[in-house]
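Please walk through this protein with the sequence and the coordinates side by side. The paragraphs below start at one residue and then widen to the whole chain.

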Amino acid sequence: MTSEYGGTAPEGAGGAASVALHRPVLVVDLGAQYAQLIARRMRQAGVFSLIVPHTIGADRARSLRPLGIILSGGPLSVYAEDACLIDPGLLDLGAPVLGICYGHQLLAHMLGGRVEDAAEAEYGRVALSATGASLLLEGTPARQDVWMSHADAVTAPPDGFECTASTKGSPVAVMENAARSIYGVQFHPEVAHTEYGAAMLESFVRRACRAPPVWNSGSIIADQVEEVRSRVGGARVICGLSGGVDSAVAAALVHRAVGDRLTCIFVDHGLLRAGEATQVTETFRRHFEMDLIHVEAAERFLEALAGVTDPERKRTVIGELFIRVFEEAASGIPDDRFLVQGTLYPDVIESGGGMTATIKTHHNVGGLPDDLSFELIEPLRDLFKDEVRAVGEELGLPEEIVWRQPFPGPGLAVRVIGEVTRERLRILRAADAVVTEEIRRAGLYREIWQSFAVLPDIKTVGVQGDSRTYANALVVRAVTSDDAMTADFARIPYPVLERISSRVINEVPGINRVAYDVSSKPPATIEWE
């Protein structure tokens, strides 16, 4: 199977059932910051969506039987030497097309309109005024606020197009060709700052694409159960269980498909948070009543990580050893050709491929060894985190599992900056427990996407008990997000931060300073490594 970004994935590893059973809206990525957000908005409207590179050819796109095509925004000018262009055949597939920002300008440029430097560049909230009847704007006010980010503008639409809205800096802010079902908007309807953006996208998928709202947690479960049963037949299946929401939902979904032919293997690499190993074993044995093998391998992982400081190397070491330990545990299980993983769509995107750069290698995507002896089953590979939670609730998983904050596969190893040692893990684990306790106490745990502690390779001077100390600094990180593709630092109240700092310094030997990370993603990532 070829992934949307041009890389290869094991046949059936994920997405095959979704593509076969749900005609998608294709989101053509022209280098946009918000391509993933556009895809999520389609899913929220009940329509399956796939992100594809701008290099996709018309024949490949046609084979996916798209209900519609959305051209994303992008950072370049259509006149730039390295501008992202598309196969003109994409406009002749018979599927409705919507261009957003750069995509809007690209449509105008390709079809004979005029794109010029804007007389007035527009960034942020801008007033939009309707100038004519509009499929996209029907049911919304004649004057409304939209979110802009552009320096070029369409100043004349192509022949056959009608300008249906404008702003001060964008003479053609919305253009439509009803006969060809091609539409363009200069602003970003996918962001929350465009107050009627969701309604505009709904109009596109319902009225232009005529797409029914059939993509939901129930359909996802039914599709993947059918896919897993078809691939597995009567063989046994094993699952690498971490206790996190992704692997838990994947295990529960596959369990629904194959029943007691699923064995879960929990490799305890010693890099989990306080009390998690016990929680994992008790929760899954009691709630799922599954066959669970618990492998205690902390010493092996510490030995393998000795002297390793590069974050990508850490992920590779952990991923490779995890698989080896896993294979050893699975060696006694007959017919164990299939391995279940909780890989998500953002994991695939961030791990690189096609036009995307590798941001970080996820140990369950890019960190797997080439000689892996299992066929992968990744029933969540096409899903964003909010969809995974919805599927988990539909499957009847307990709230403490479904709403557990995301945790990286390599665990605390990528939150200990520099070398991972037993002592540094002890310090971080204890401090992280304090952070979680205080976030829960403040009622913020469900509101915050992730909240955790990071132990940088830094020591600072302090004074404790009238004595000079030279101990570790700790960084607290907390972000709000919908899907981890973008994130903003959480505005935690000062009294909560004060309690965290006071408790950490007083209760965790080896720390004398606490800092709070106020970086957003981008430019930072959520994790430090």
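In which loop is the place of arginine 65? Arginine 65 sits between α3 (58-63) and β3 (68-71). The model is a predicted one, and in it arginine 65 has a positive phi of about 50 degrees, although it is not a glycine. Its relative accessible area of 40% makes arginine 65 partly exposed, because that class runs between 20% and 50%.

Arginine 210 also has a positive phi without being a glycine, at about 55 degrees. The loop that holds arginine 210 runs between α5 (197-208) and α6 (217-232). With a relative accessible area of 67%, arginine 210 counts as exposed, since the cut-off for that class is over 50%.

A positive phi is also found after α2, where glycine 46 has a value near 85 degrees. Helix α2 itself is largely enclosed by the rest of the structure, because nine of its 10 residues are buried. The buried residues include Leu37, Ile38 and Met42, and among them are also Arg40, Arg41 and Arg43.

Valine 47 belongs to the loop that links α2 (35-44) to β2 (49-53). Is valine 47 buried or exposed? It is buried, because its relative accessible area is 2% and the cut-off is under 20%. Leaving out residues up to four places away in sequence, valine 47 touches Val25, Met42, Leu67, Val205, Arg206, Ala211, Pro212 and Trp215. Met42 in that list is one of the buried residues of α2. Valine 47 and asparagine 216 are 169 residues apart in sequence, yet their C-alpha atoms are 8.3 Å apart in space.

Further along the chain, isoleucine 323 is part of helix α10, which covers residues 311-330. Isoleucine 323 is buried, with a relative accessible area of 2%. From isoleucine 323 to phenylalanine 374 the separation is 51 residues in sequence and 9.9 Å in space, C-alpha to C-alpha.

The segment after β19 (511-516) contains proline 522, and proline 523 is found there as well. The peptide bond from lysine 521 to proline 522 is cis, with omega near -10 degrees. The bond from proline 522 to proline 523 is cis too, with omega near 15 degrees.

Now consider the protein as a whole. Its secondary structure comes to 15 helices and 19 strands. The radius of gyration is 25 Å, which agrees with the value near 24 Å that a compact globule of 529 residues would have. Along the principal axes, the C-alpha atoms fill a box of roughly 70 × 65 × 40 Å. Of the 529 residues, 59% count as buried. Among contacts between residues at least 6 apart in sequence, 74% join residues at least 24 apart.

The exposed surface is about 21,100 Å², and carbon and sulfur atoms supply 49% of it. The protein has 50 positive and 70 negative charges, and the mean positions of the two sets are 3 Å apart.

How far can the coordinates be read? The average pLDDT is 88, and 91% of the residues score at least 70. Over residues 1-14, pLDDT stays under 50, and the model has 41 contacts beyond four places in sequence for them. Residues 352-367 also stay under 50, with 49 such contacts. Where pLDDT is low, the predicted coordinates should not be read in detail.

Conventions. Residues numbered from 1 in each chain as written. Predicted model: local features only at pLDDT ≥ 70, side-chain atom pairs only at ≥ 80, totals over all residues. Heavy atoms only, no water. Helix = DSSP H or I, 4+ residues; strand = E, 2+ residues; numbered from the N terminus. Rg over C-alpha atoms; globule rule 2.2 N^0.38 Å. Buried < 20%, exposed > 50% of the residue type's maximum accessible area, 1.4 Å probe, protein only. Contact = heavy atoms within 4.5 Å. Areas by Shrake-Rupley, 256 points an atom, 1.4 Å probe, with all protein chains shown as cover. Lys, Arg positive; Asp, Glu negative; His and termini not counted. Charge placed at Lys NZ, Arg CZ, Asp CG, Glu CD. pLDDT = per-residue confidence, 0-100.
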